[in-house]
Amino acid sequence: MNARRVVALARVGVAFSFAVRDGDVPRRASSSRPGVVIAPGVARALGDAAGVVAGVVAADMRRREPARRASRSAVESSRATAAIATPRRRAVGMLATTTTTTTTRAIARRDARARAEARGGEATTVRSRARDAASARRRGRGARGIARARDRREEARGRVVASAGTDGDAPAARDPKDYKIATKLAHAKTSVTDPYGASAPPLYQTATFAQPSATENGPYDYTRSGNPTRTQLEEQMANLECADRAFAFSSGMSALMCVTRLVNAGERIVTGDDIYGGTSRLLAQVVPKVGIEVVNVDMNDHDAVRAAIQGGNTTMVMMESPTNPRLQVIDIKAICDMAHEKGALVCVDNSIMCPTFQAPLALGADISMTSATKFIAGHSDVTGGLLACNGEELGKRIYFHQNAEGLHLGPFDCWLALRGLKTMQLRMERQQENAMKLTAWLESHPRVNKVNYPGLKANVGHELQSKQASGAGSIFSFTTGDVEFSKIVVEETKLHKITVSFGGTTSLISLPCFMSHASIPAEVRAARGLPDDLVRISCGIEDADDLLADLQYAFAVAEKRVGKA
Ligand SMILES: Cc1ncc(COP(=O)(O)O)c(C=O)c1O
């Protein structure tokens, strides 16, 4: 029986152990030992055939004196693992593999070190990681110094693995930069070292840090200026956005406030005419007080956008795509090109898409902003905001305001956001599926005038959305032509909670003109084409059929009270 077959059979549960014959494994893995972990429970569950493989492997292990001790510890670990397996797990041949995986990794690390030493190269070990971080701290390099040290180590590790890979036709290790977003989310990238190898990010719930002496600073001194838990979130966000740096703020609004701080009196901000109510309030009622001019334009009217950018001292363009609440898709790259012609910066509010579906920096934006209150934290338990950017100079300017004005996100909220991030892709995909199902039903309902959702083929923004993003998200809005009808629908749903905001695990429903966008004066809303009967839904992770039934029920009640179309 060959190893692949054993693996396939062992995939009965979500966790599995595997067995390999020496001849079946790449040379890289077999150079000093067969790289074998055979769990007795698996062998039992798989029956005699796997037992034969185990026998072959065990004999092979005995033959290989240099690897004897490591192999034995692997077998012992797997025994321990088998011992803790529950009866049910044993019955299906499914074992908790943490112990064996850890042991295997330790063996792999030791091998890498031996190979590197043989080549006179540099090896990576946990201890050297801690050493680098400690020496970086001693030299007062702070978090970024530590990050650089880590990058050098990762490069060195890449060299070791890559050179090992050339031994045979084994695939080379994938560069972490090339990991897909789901992998990046599950394996947070951070320079923050933890001596205990905690699986969850360490939470530094502290305002101050002791300094080495009165005249020396450690990597952290005061949480407003920096905190290791915040560093973890900021580095992970930079990783997800493929940005040089990211910054965590106390809310999406404080992140946007910081963006406006990059604009001086006498300069112009150009923005859209369909934007979140809070952003609209900030730009209409706060920013002009310091002598900054704000011009709102229809971002899909490119002539108007160009005229607005060129017609004044424009230094910043602030846009959303898709927009909130009408889900209009704006051509990010085209707007960036227009702004850059004028030397202006572009900030894209990516709260509806997040890095899961859209990468504004790759499309040309200078700053990507995300309200962490929504999908990032994902459980309606945090308010936070994130900015990601490229370039040292811009990063310094943003950090200056984050620190100088105390706009930062607190450690515990950073920790919650880090936890939320791990499942963001799963949540967003499920929420999107639900949105597709609900909008498909709404689209054909006679009482619905218009459904705003770029996931629908009939939507004007569908093609552009497919080009610049990898998903349509889970927020949509629709009109019924009757405020009373819309109000009944909103109020009669049971699973859709009447709540401002979006991006939580629970489905939310709202009348934006009376809720999230109520701060925009009625006449301005009317001029911008924001109708009072607009209903916005943020799909949660519930079962799609239940959500659909909930909406169908609310529509039925509204039809009974107000009448059919
Ligand atoms: C598109 C958009 N951007 C920014 C914000 C502001 O984020 P926060 O509520 O975290 O301050 C919101 C809030 O709803 C939003 O919808």
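**Sheets, helix packing and ligand shell in the predicted model**

Phe 412 is located in helix α19, which spans residues 411–422. The structure described here is a predicted model. Phe 412 has 13 C-beta neighbours inside 10 Å and therefore counts as partly exposed. When residues up to four places away in sequence are not counted, Phe 412 touches Leu 203 and Gln 205. The C-alpha atoms of Phe 412 and Tyr 204 are 7.9 Å apart, although 208 residues separate the two in sequence.

At the level of the whole chain, 24 helices and twelve strands are assigned. The chain has 565 residues, of which 47% count as buried. Among contacts between residues at least 6 apart in sequence, 69% join residues at least 24 apart.

Seven of the strands form an open sheet with mixed pairing, in the order β1-β7-β6-β5-β4-β2-β3. The edges are occupied by β1 (245–249) and β3 (293–297); each has a single partner strand, so one side of each is left without a neighbour in the sheet. From one strand to the next, the twist averages 20 degrees. Within this sheet, β4 (residues 314–320) and β5 (residues 345–349) run parallel and are joined by five bridges. Val 317 stands opposite Val 346 of β5.

Helices pack on this sheet as well. Helix α14 (residues 302–310) touches β2 (268–272), β3 and β4, and its direction makes about 170 degrees with that of β3. Helix α18 (residues 392–404) lies across β1 and β7 (385–389) and runs at about 15 degrees to β1.

The ligand is surrounded by 16 residues, the closest being Ser 251, Gly 252, Tyr 276, Ser 371 and Thr 373. Two elements, α12 (252–260) and α13 (277–286), give two or more residues to the shell around the ligand. By class, this shell consists of two nonpolar, twelve polar and two charged residues.

A further open sheet contains five strands in the order β8-β9-β12-β11-β10, again with mixed pairing. Its edge strands, β8 (450–452) and β10 (497–498), each pair on one side only. Strands β11 (residues 508–510) and β12 (residues 535–538) run antiparallel and are joined by three bridges. The bridge partner of Ile 509 is Ile 537 in β12.

Helix α22 (residues 483–492) lies across β10, β11 and β12 of this five-strand sheet, at about 25 degrees to β12. In α22, the residues Phe 485, Ser 486, Ile 488, Val 489 and Val 490 are buried. The buried residues of α22 pack against the strands β10, β11 and β12, and also against helix α24.

Helix α24 is in turn packed with helix α20. A pair of packed helices is described by the angle between the axes and the distance between them. For α20 (residues 424–443) and α24 (residues 544–562), the axes come within 9 Å and cross at roughly 35 degrees. The crossing of α20 and α24 is right-handed. On the α20 side the contact involves Glu 433, Asn 434, Lys 437, Leu 438 and Trp 441, which meet Ala 544, Leu 547, Leu 548 and Leu 551 in α24. By class, the contact of α20 with α24 has six nonpolar, one polar and two charged residues.

Helix α20 also holds Ala 435. This residue has 25 C-beta neighbours inside 10 Å; since a residue with 20 or more is buried, Ala 435 counts as buried. Neighbours within four places in sequence left aside, Ala 435 is in contact with Tyr 453, Gly 455, Ser 474, Phe 476 and Cys 539. The C-alpha atom of Ala 435 is separated by 7.6 Å from that of Gly 473, which lies 38 residues apart along the chain. Ala 435 is thus classed as buried with 25 neighbours, whereas Phe 412 is classed as partly exposed with 13.

Technical notes:
Residues are numbered from 1 along each chain as its sequence is written. This is a predicted model: local features need pLDDT of at least 70, side-chain atom pairs count only at pLDDT 80 or more; totals for chains, interfaces and linings use all residues. Two strands pair if DSSP finds at least two bridges between them. Helices (H or I, at least four residues) and strands (E, at least two) are DSSP runs, numbered from the N terminus. Two residues are in contact if their C-beta atoms, placed from the backbone, lie within 7 Å. Axes are lines fitted to C-alpha atoms, for helices over the stretch in contact, and angles run from 0 to 180 degrees between N-to-C directions. A residue is near a molecule or strand if its C-beta atom, placed from the backbone, lies within 6 Å of it. Ala, Val, Leu, Ile, Met, Phe, Trp, Tyr, Cys and Pro count as nonpolar, Asp, Glu, Lys and Arg as charged, and the others, Gly among them, as polar. A crossing is left-handed if the near helix is turned anticlockwise from the far one by less than a right angle, and right-handed if clockwise. A residue is buried if 20 or more other C-beta atoms lie within 10 Å of its own, exposed if 12 or fewer, and partly exposed in between; C-beta atoms are placed from the backbone.
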